[in-house]
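Colleague: I have this model open on my screen and would like to understand one part of it properly. Could you take me through a single buried strand, and then show me how the rest fits around that part?

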Amino acid sequence: MNNVSPFHIAIPVHNLAECRKFYGEILNCEEGRSSDHWVDFNLFGHQLVIHYKPKSETDSLHHNPVDGHDVPVPHYGVVLPWDTFESFSEELKQKGVKFIIEPYIRFKGLVGEQATMFFLDPAGNALEFKAFKDMGQLFAK
């Protein structure tokens with residue numbers, strides 16, 4: 001796990017300016033290249049690209065039950081170090097981010113125990129950030 005390659009993900013947003021501000025100012029992502037239709041961000045060392053796509057009235061999130069919560073699908077995010085997760089979640093609370101699932105410990109005392117939180121960006125894309133005290137639990141059965 002120490003040599004993980006950065007992932008690249010491109011997501012649709014219907015308001016480029018609003019989402020650019022959210023990823024830059026709320027999530028503190030450094031901005032990279034951009035055009036009139038897309039913006040690159042450094043999301044904890046990974047390449048996130050927001051691409052303009054007109055809003056569709058038919059788009060809606062699906063949910064699956066996990067540990068007593070309705071988890072939005074699709075979603076994306078980053079597995080963070082435990083201390084980073086704690087400080088990042090506090091920072092998001094202070095910035096007034098509205099959580100779909102408040103930060104909590106999932107699978108407490110079980111295999112795969114993790115800290116997790118879910119929230120939406122301004123375009124309605126679901127994000128999950130999580131952390132493990134023991135990274136060996138990331139793929140544990």
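Modeller: Happy to; what follows starts at one enclosed strand and works outward from there.

Please keep in mind that this is a predicted model. The strand I would choose is S10, residues 114–120. Six of its seven residues are buried, so S10 is largely enclosed by the rest of the structure.

S10 has a partner in strand S9, residues 99–106, and the two pair in the antiparallel sense over five bridges. If you want a spot to click on, Ile101 has Phe118 in S10 as its bridge partner. S10 is also joined to strand S11, residues 126–131, by six bridges, and these two strands run antiparallel as well. There you can look at Ala115, whose bridge partner in S11 is Ala131. S10 and S11 form a hairpin with five residues between the strands. Within this hairpin, Gly124 takes a positive phi near 90°.

Now move to Arg106, which is found in strand S9. Is this arginine buried or exposed? Arg106 has a relative accessibility of 5%, and because buried means under 20%, Arg106 counts as buried. Its side chain makes a polar contact with the side chain of Glu128, at 3.3 Å. Leaving out residues up to four places away in sequence, Arg106 touches a list of residues that includes Gln114, Thr116 and Phe118. Glu128 and Lys130 are also among the residues that Arg106 touches, as are Val66, Asp67 and Val71.

Pro103 is another residue of S9. Setting aside neighbours within four places in sequence, Pro103 is in contact with Phe85, Ser89, Lys93, Thr116 and Met117. Thr116 is therefore a useful landmark, since buried strand S10 spans residues 114–120. For a sense of scale, Pro103 and Val4 are 99 residues apart in sequence and 25 Å apart in space, taken from C-alpha to C-alpha.

Asp67, one of the residues touched by Arg106, deserves a look of its own. Asp67 lies in the loop between strand S5 (62–66) and S6. With a relative accessible area of 35%, Asp67 is partly exposed. Its phi is near 50°, a positive value in a residue other than glycine. Most residues other than glycine have a negative phi, and most peptide bonds are trans.

There is a departure from the second of those habits too. Val73 and Pro74 are joined by a cis peptide bond, with omega about 5°. You will find Pro74 in the loop between strand S6 (69–73) and strand S7 (75–76).

From there, turn to the aromatic rings. Searching the whole structure gives eight aromatic pairs. One of them brings together Phe44 and Phe88, with ring centres 5.2 Å apart and planes at 80°, so this pair is edge-to-face. Phe44 lies in the loop between strand S3 (38–43) and S4, while Phe88 belongs to helix H2 (residues 82–94), so the pair ties together parts that are 44 residues apart in sequence. The two rings also differ in their surroundings: Phe44 is partly exposed, with a relative accessible area of 34%, whereas Phe88 is buried at 5%. Phe44 has a positive phi as well, near 55°. Ring pairs link both of these residues into a cluster with Phe22, Tyr23, Phe41, Phe99, Phe119 and Phe129.

The loop that holds Phe44 leads us to another sheet. Four strands form an open sheet in the order S1-S4-S3-S2, with mixed pairing. Its edge strands are S1 (8–13) and S2 (30–34), each of which pairs on one side only. From one strand to the next, the twist averages 25°. S1 and strand S4 (residues 46–52) run parallel and are joined by six bridges. In that pairing, Ala10 stands opposite Val49 in S4.

Finally, the database view. An unreviewed UniProt entry carries the annotation "domain: VOC" over residues 5–132. The end C-alpha atoms of that span lie 19 Å apart, and the span is 19% helix and 46% strand.

Methods: Residues numbered from 1 in each chain as written. Predicted model: local features only at pLDDT ≥ 70, side-chain atom pairs only at ≥ 80, totals over all residues. Heavy atoms only, no water. Pairing = 2+ DSSP bridges. Axes fitted to C-alpha atoms, helices over the stretch in contact; angles between N-to-C directions. UniProt positions renumbered as here; feature names shortened; annotations may be inferred. Buried < 20%, exposed > 50% of the residue type's maximum accessible area, 1.4 Å probe, protein only. Polar contact = N/O pair within 3.5 Å; in protein donor to acceptor, adjacent residues only side chain to side chain. Contact = heavy atoms within 4.5 Å. Phe/Tyr/Trp six-rings, centres within 6.5 Å; stacked < 30°, edge-to-face > 60°.
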